[in-house]
Structure formats: structure tokens, C-alpha cells
Amino acid sequence: MKKTTVVQPYDLESINIKNWVTKSNILIESTYKLSLQEQRILLIMASKVQPNDETLKTYRFRAKDFIEIVGNKKGTGFYSYLKEIVNGLQTKILTIKEKGRQRNYNWVITSIYEENEGYITLQFHPSLKYLFLELKEKFTSYQLENVVRLNSVYSIRIYELLKQYERLRKRELTLEELRHFLAIEPTKYKQYGHFKSKVLAVAQKEINNKTDIHFEFVEIKTGRKVTSIEFIITSSTALNNASATKEKKLELNQHLVELEDHKNSVQNDLVDLGVKPEKIEWLLSEFTKEHLERNIRYTQDRLITGDVTHPHSYVVKAIQKDYAKLSQESKLINSKKTVKKELVPDFIAQARDKQQLLKDSTVKEKQESFLKEIGTQMEFEEKLLQFQELKKMLILSSDQPTQEEVKKAEEAGLQEVIRNMKEDFKNHEELGLEPRLVKDFKNKELKKIYKDFLQSKVLNRN
């Protein structure tokens, strides 16, 4: 009788603790409760995800390889123990709170335990793709070996929270925030002394001895009560490689110096633009070096030309919306002389939606909606300047335009501002509202344009 060859549906995966784990910061700062063994299994899976993967793949491992890292429970066969962990993992929920919405996901969608063969097959839930793949910014990476050696669930989570801020060298968290991230129940470690000895001290000892970072912490008190913890973070790569040469250590130190210099340079630029310290710290932690620098330069250039009147708020919005990239992309489209297509960023699309809503409502609803949505005078002026800039960019066809092209672009930008002023004036008029006054405008250029616009309307009526 001919022997039948069994074709396995998935390749057999090896486990290499030198592999890198890359996670979105959204995932690192989410709340979830998992056992130490469950965390280790998920981390092993995460270390198999590759940056060029298009989907979250299905992975098949030897049970023996898994148990060597996950560990076994005394008095229990390791196959039975692993099966118990995997079955439990499929029922665990990840909760993500983002933009006012709460979403609940299962961690894994597939878990197959082949008892006779000694294999285990696992797959992340497809909805978690955006937390592991196509991450261009706001993510944290580290080698698997740094976390699989830790023996406390709190140590793993604290390591990730501190690794996220490694280049900033410090992170301050309130006790409430820290307990939330670690999913510690309100009734557990209620006394700070217990929390310190069972969570902080254990994590400090493990992380300092077994990972590539080292931390100390400072207790911040309100009155006599400890309310926040400031973590002081330093890199300690040598702990993972005792044979590291002096040259490598010097190279690491130089790299840290360069990171600090970059931080100081960007930080100084943001301070000069009037951004508050707490906002600067957030920007440094959320965005990459290139992202910050290009939008700071973009804001500085617009400040020189007089297009920006409130640089402290404009630069923050420029970084969040990436105005600099938007500008470059529009110029690239024009330089290639492709068919011109109207550039519609979020704020323009939202404005159009609001206009359509106004058309479909009753007069009273129009008045209430319009007054609610038009925002402040400052926001209106900022939108006018954004419309003006975008129109200019669509007209310019090269990075080194001629004087004639610049003049044409400026005229187009002016007409775009006037068009929006006309529309705003018309909306006020249709709803029985008083039009804006010239003195309401803070930007000198816009004030002059609006004054000329009003004068032209008076002349046309006469």
C-alpha cells in the first residue's frame, strides 16, 4: 500500500529570542489583563510579524519550543498545561479606547492544538493589523529576549511603557494612570507601600538586571500622599551582551548624545514658537524626528511671510496634520504635470459636509448649526489662510518657480480667500445674521482683503 504524504497547511516556525517585537503605542498604552504565560505567547507571536507582511499570518510552532520559554506548572504535563493556556487566551479581550470610541477585540482568532503531533497553531485577530503592521510612526520596538526573561506581568508592561519613552529619558505617570495601564484592580495593592514593594520594586529589579534599559524612580507627593511616579530611564545594552567592546559602548553613548542633541534642538525650536512644555513633551514622544523638523520648518517659513499669526497653536496643528508633507505632495503632483485633482484635506471635506447640512435644514436649524460650527474668528482666519496656501501650492508647478508663476499663484490664493469670504458673507445674510466686521480680523492681510471685499459689495450695489 502506497504511503500517503500529509501536507501541512502552515510552515513550521522556530522561536528566536533575538527577533524584534514592534507594537503601536496605542497597544502599549491600552488596558488588558493577561497571565505571564499568555503574555509570553503573544510576544512570541508578535516577534514573528515582519514589517513587509501584508496581513497577520497564521503561525505553527512545536509545543516543546513554546514550553521552554513559556514555562511549566509543577505537577502538570506540559502539553496539557500549554493547551490550557492557549484555550484561555482565545477568550481574552483587548480593549482599545481611541477617539471617543471603545473597541473590544479577541487577541487570537485561530488556535489549534495538535496533541498527537505536538504542534500549536495560532493567528492574531485580523482587526489588530493596524497595531502591528504598516507602522510609520508612534510605535515602539524591542528584542524579544528583553521581555521573555521577565517573571512578572507588571515587569513586562512597565518595560514597554518605559521603552516607549527611552529617548526622552524620563516618563511621569500618576499612580492612577499606572494602575490603569497595568490593569490592577481597585482592591489590590490599595496601600502605596504594597504597590511599591509588589509592583515597582519587583519590576525595577527585573528590568535593571535583565533588559536593555535601566530605571530609577522618584515619588511625587501631593501633601503627604504619593500621587505620581517619575521614571528616570537610561539605556543599558551592555547588560544583554557582556562581551560588548569599549568601542561599541562609546558608539552607544555617542548615539544617546545625538538623540539628546536632537531633542534639545527640536525642543528649543518649539519653545521659540511659544509651545507649552507639556505639549512639547507630548509631541516629542508621539512624532518622529523627520516629522517634527519638517513641520517646524514649514511653520517658520510661513511665519516669516506673515501667513501665521499664532505660531504656538499653528505649529502643533501643522505637526498633527503634517501640513509640510501635504505641501510637498501637492507640489510633486504638479511637477509631474499629472491631471490636476482638487486636494481635499480633512478640514475642507468637513467644511463641505457642514455646508450641505445647512442647505438641508430649516432656517432655525441653519442658524443654530451655523453659529455652532463656524467656530471662533481665529479659527475662521486660520482656515482662510489654509485655503490660500493650498491654492498657491496647486498653481505652482516647480520648486523654483518664475516670478510670473509666483504672481499667478498669489493671485489665485487671494481669489480663493475672497471666494470663501463671499460664501461666509452669504451664509450670514441668508440666516439673518450680522456679517463679520473689519475690526474682527486680527491678521492684517486678511483684514485688508475683507475691507476691500466689503467696499466692492457697496460699489456693486450702488
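Where is alanine 183 found? Alanine 183 is in the loop between H8 and H9, and that loop is a good place to begin. A few ground rules help before we set out. The model is predicted, so local features need pLDDT of at least 70 and side-chain atom pairs count only at pLDDT 80 or more, while totals for chains, interfaces and linings use all residues. Residues are numbered from 1 along each chain as its sequence is written, and side-chain values use heavy atoms, with hydrogens and water left out. Helices (H or I, at least four residues) and strands (E, at least two) are DSSP runs, numbered from the N terminus.

Back to our starting point. Most residues other than glycine have a negative phi. Alanine 183 has a positive phi, near 55°. Alanine 183 is also buried, with a relative accessible area of 15%; buried means under 20% relative accessible area, exposed over 50%, and partly exposed in between (1.4 Å probe, protein chains only). Arginine 169, in the loop between H7 and E9, has a positive phi too, near 70°. Arginine 169 is partly exposed, with a relative accessible area of 33%.

From the loop after H8, move on to helix H9, residues 192–210. The expected span of a helix is 1.5 Å times one less than its number of residues. For the 19 residues of H9 this gives 27 Å, and the end C-alpha atoms are 25 Å apart, which agrees. H9 has a kink of about 30° centred on leucine 200, where the bend at a residue is the angle between axes fitted to the seven residues ending there and the seven starting there. Leucine 200 is among the buried residues of H9, which also include Tyr192, Phe195 and Ile207. The buried residues of H9 pack against helix H7 (153–163), helix H8 (175–181), E10 and E11.

Those two strands are our next stop. Two strands pair if DSSP finds at least two bridges between them. Strand E10 (residues 213–222) and E11 are antiparallel and share ten bridges, with phenylalanine 217 standing opposite phenylalanine 231 in E11. E10 and E11 form a hairpin with two residues between them, and glycine 223 in the turn has a positive phi of about 70°. Strand E11 (residues 225–235) also runs antiparallel to strand E9 (residues 170–174), joined by five bridges. Here lysine 170 faces isoleucine 232.

Elsewhere, an open sheet of four strands follows the order E1-E3-E7-E6, with mixed pairing. Its edge strands are E1 (12–13) and E6 (108–114), each pairing on one side only.

Finally, look at the spaces. On a 1 Å grid over the protein atoms alone, a cavity is a set of points where a 1.4 Å probe fits but cannot get out, and a pocket is an open set with protein on both sides within 12 Å along at least five of seven lines; lining residues have an atom within 4 Å of a point. The largest pocket has a volume of about 1,700 Å³, the space filled by probe spheres set on the points, which are joined across faces, edges and corners. Of its 46 lining residues, Ile26, Lys138, Trp282, Glu286 and Phe287 lie nearest the centre. Helix H11 (residues 277–286) supplies the largest share of that lining, five residues. The largest cavity has a volume of about 100 Å³, and helix H17 (residues 377–395) gives the most to its lining, with four residues.

Conventions: Contact means heavy atoms within 4.5 Å.
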